[in-house]
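User: Please take one strand of the sheet and look at it closely, together with what surrounds it. I would like a single connected account rather than a list.

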Amino acid sequence: MSIQEFENKCFKELNFLYSDQEINSLCKYAYQEYFGANWPSEILDKSQEIINEKQELFENYLNQLILGNPYQYIFGYAEFYGLRLKVGEGVLIPRPETEQLVDWVLEDFATQDNLKVLDACCGSGAISIALSKHLESARLTGIDNSEQALEYAIENDKIHQSNLRCIKQDLFNFKPKVKFNIIVSNPPYVRDLEKKEMHLNVLGKEPHAALFVSDNDPLVFYERLRYLFNHYTEDHAVMYLECNQYLKQDLIELYSPQFIVESRDDFRMNFRMLKLSKKQ
Ligand SMILES: C[S@@+](CC[C@H](N)C(=O)[O-])C[C@H]1O[C@@H](n2cnc3c(N)ncnc32)[C@H](O)[C@@H]1O
């Protein structure tokens, strides 16, 4: 199979799931992954045959994509905040929007020492492992109720030596023994009614418990986080939350009576984040 034939096959067989622009990107990711340092010179002449040892990799990649697997699951990793994190079935692929939440925490706290940080609903550990690279003296705790997600967090912690304490814990029963300076969380926040807006491979392959909340009670995680912020944080603590773009007003109503509320949009210009500080 030549490079051109691989691309043609991708366009023919993936158009039920992806746009042309997305298919172009998926081809590029495969070249980067499988040709490594030889990319992009390796694909200048698209009539060139893909060497035998690599054919199988490209074929398997396409077959996995046809089955709806996200390319990060196929490669076994995702890039987040300049780090390579292991991911696979059962754990949410960390998103670029979430990098902006990390940015916000670091803008405020990068120069402070000995912080106690809770990453509530930590998944792969993306947020806390990224923070650990910049808050070197921080004590980081990550909780998640998914065994599978925590296995990835533990592995990522080992690879990146982030000293993250991973605890299998339901957020709704969590009673920490320490008081935190920072809570950061990207909890499930997509309402069932928004499923129709989502990419089929997200719906089909990523864990639903990581994403969805019921239409009737979409703020359930944010209410619990408010309780934890009230009861298990130090006086000048701050909480940073990734949020549903459609629920800005409801969230402001939930938090503003008690806390100073600041909001930010993501790089797509959708409302995405809140920062809550205690009124002194
Ligand atoms: C949107 S994902 C975020 C993962 C990670 N923080 C990130 O940004 O990539 C939400 C996470 O919440 C976890 N989760 C769902 N319900 C939970 C609960 N009741 N208690 C603790 N974690 C929960 C899921 O397993 C999932 O890993």
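Analyst: In this predicted model, Leu-118 has Thr-141 of strand S4 as its bridge partner, and that pair belongs to the parallel run of five bridges by which strand S3 (residues 116–120) is joined to S4. Strand S4 itself spans residues 139–144 and is mostly covered, with five of its six residues buried. The connection on this side is made through helix H6 (residues 126–132), which together with S3 and S4 forms a right-handed β-α-β unit.

S4 also pairs with strand S5 (residues 164–168), again in the parallel sense and over five bridges; here Leu-140 stands opposite Leu-164 of S5. The chain passes from S4 to S5 by way of helix H7 (residues 147–160), and this β-α-β crossover is right-handed. Helix H7 lies across both S4 and S5, and its direction makes about 165° with that of S5.

Within S5, Arg-165 offers a view of S4 from the neighbouring strand. Setting aside residues within four places in sequence, Arg-165 is in contact with Leu-140, Thr-141 and Gly-142, and Thr-141 is the residue that serves as bridge partner of Leu-118. Arg-165 counts as partly exposed because 13 other C-beta atoms lie within 10 Å, whereas a residue is called buried at 20 or more and exposed at 12 or fewer. Between Arg-165 and Ala-153 the C-alpha to C-alpha distance is 9.5 Å, with 12 residues separating them in sequence.

The wider sheet gives these pairings their context. It is an open sheet of seven strands with mixed pairing, in the order S5-S4-S3-S6-S9-S11-S10. S5 and strand S10 (259–265) stand at its edges and have a single partner strand each, so one side of each is left without a neighbour in the sheet. From one strand to the next, the twist averages 15°.

Further along that order, strand S9 (residues 233–242) and strand S11 (residues 271–278) run antiparallel and are joined by five bridges, with Met-273 of S11 as the bridge partner of Glu-242. Helix H10 (residues 220–231) packs on the sheet, where it touches S3, strand S6 (180–185), S9 and S11, and its direction makes about 160° with that of S9. S3 is thus a strand that is joined to S4 by bridges and is also touched by helix H10.

Note on methods:
Residues numbered from 1 in each chain as written. Predicted model: local features only at pLDDT ≥ 70, side-chain atom pairs only at ≥ 80, totals over all residues. Helix = DSSP H or I, 4+ residues; strand = E, 2+ residues; numbered from the N terminus. Pairing = 2+ DSSP bridges. Right-handed = clockwise from strand over helix to strand, strands pointing away. Contact = placed C-beta atoms within 7 Å. Axes fitted to C-alpha atoms, helices over the stretch in contact; angles between N-to-C directions.
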